[in-house]
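Visitor: I'd love a close look at a single part of this protein. Could you walk me through one residue and its surroundings?

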Amino acid sequence: LLPPGGPYPFSYTVTDPGCGEASSVVSLYISAYPDPGADTTITVCSTANPFGLFNLLGGSPDAGGTWTTLNGVAVSPSFNPGTDDSGSFRYNLPGSAPCNDTSAVITITVNDPPNAGADATLLECNSGSLNLNTALLPDAQPGGSWIDNGNTGQLAGPILNLGGLAAGPHPFTYLLVVPSCGTDMASYLLTAVEAVRVTDTVLTCNEDDRTYTVSVTIEGGDPMTYSVTGLDGTMTIESPYIFTSSPILTSQSFSIIV
């Protein structure tokens with residue numbers, strides 16, 4: 001391996017038994033290959049300090065080059081994550097004939113610090129399902145993940161099966177991870193309220209006056225708030241809570257709401 005410079009003489013000799021020897025000399029000059037280093041891709045946080053681009057190049061790059069965008073627009077050899085945008089930047093080294101120009105590219109992605117938002121409380125009926133992402137506070141960044149701190153077994157990704165929750169409080173954590181910027185999290189306390197249920201509907205006929213009564217058993221929810229509309233009647237004051245309607249004609253349909 002010859003170092004750059006020269007001349008390096010090489011002779012070519014031909015020997016003939018009757019004519020002797022003849023030779024010629026070739027002088028070889030070596031031009032230095034411009035080594036720009038290797039391409040590099042990095043991710044930085046917008047809160048990081050400014051840094052020089054040259055030190056990010058892989059390998060052993062030669063100094064003295066210039067920096068441009070991929071479109072050839074000149075840029076500073078230093079990068080400030082707080083003010084500069086993500087992008088790709090080319091390090092250009094001119095070659096000396098017969099060596100061509102060379103270049104290497106650094107690609108920088110700038111991320112903002114994570115913001116999971118403030119802690120929050122939720123109140124939900126334990127029926128149906130809830131996409132927890134829809135419960136995020138307005139200042140929270142999307143793209144995080146949810147942790148089932150209470151091990152309810154009812155969380156699949158951001159979808160929570162409310163119908164599988166027991167009545168009471170259930171803690172969850174929203175975790176946001178941003179490469180090169182660390183993590184942030186917010187605590188959510190979801191209180192599941194048991195849904196009201198109507199069971200054991202019984203129709204009792206009175207053949208003497210062609211009337212009947214309707215009775216239903218009411219469970220779940222908050223017994224202190226039970227009320228029935230659609231039919232007049234009475235309700236027991238302790239469990240089991242049974243509503244019994246006043247007599248209605250056998251030809252009369254009914255609908256009640258608890």
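Visitor: To begin with, in which strand is the place of Arg197?

Guide: Happy to take you there, and please keep in mind that this is a predicted model. Arg197 sits in strand β16, which covers residues 197–206. How open is this position? With a relative accessible area of 34%, Arg197 counts as partly exposed, because that value falls between the 20% limit for buried and the 50% limit for exposed.

Now look at what surrounds Arg197. Setting aside its neighbours within four places in sequence, Arg197 is in contact with Thr217, Ile218, Glu219 and Gly220. Take Thr217 from that list: Arg197 and Thr217 are 20 residues apart in sequence, while their C-alpha atoms are 8.3 Å apart in space. There is also a partner for the side chain of Arg197, which makes a polar contact at 2.8 Å with the side chain of Glu194.

For a second setting, turn to Ser46, found in the loop between β3 (40–45) and β4 (51–52). Ser46 has a relative accessible area of 17%, so it is buried, the cut-off being under 20%. Not counting residues up to four places away in sequence, Ser46 touches Pro81, Gly82, Val110, Asn111, Asp112, Pro113 and Cys181.

To put the two side by side: Arg197 in strand β16 is partly exposed, whereas Ser46 in its loop is buried.

Notes
Residues are numbered from 1 along each chain as its sequence is written. This is a predicted model: local features need pLDDT of at least 70, side-chain atom pairs count only at pLDDT 80 or more; totals for chains, interfaces and linings use all residues. Side-chain values use heavy atoms; hydrogens and water are left out. Helices (H or I, at least four residues) and strands (E, at least two) are DSSP runs, numbered from the N terminus. Buried means under 20% relative accessible area, exposed over 50%, partly exposed in between (1.4 Å probe, protein chains only). Contact means heavy atoms within 4.5 Å. A polar contact is a pair of N or O atoms within 3.5 Å; within protein, one must be able to donate a hydrogen and the other to accept it, and residues adjacent in sequence count only if both atoms are side-chain atoms.
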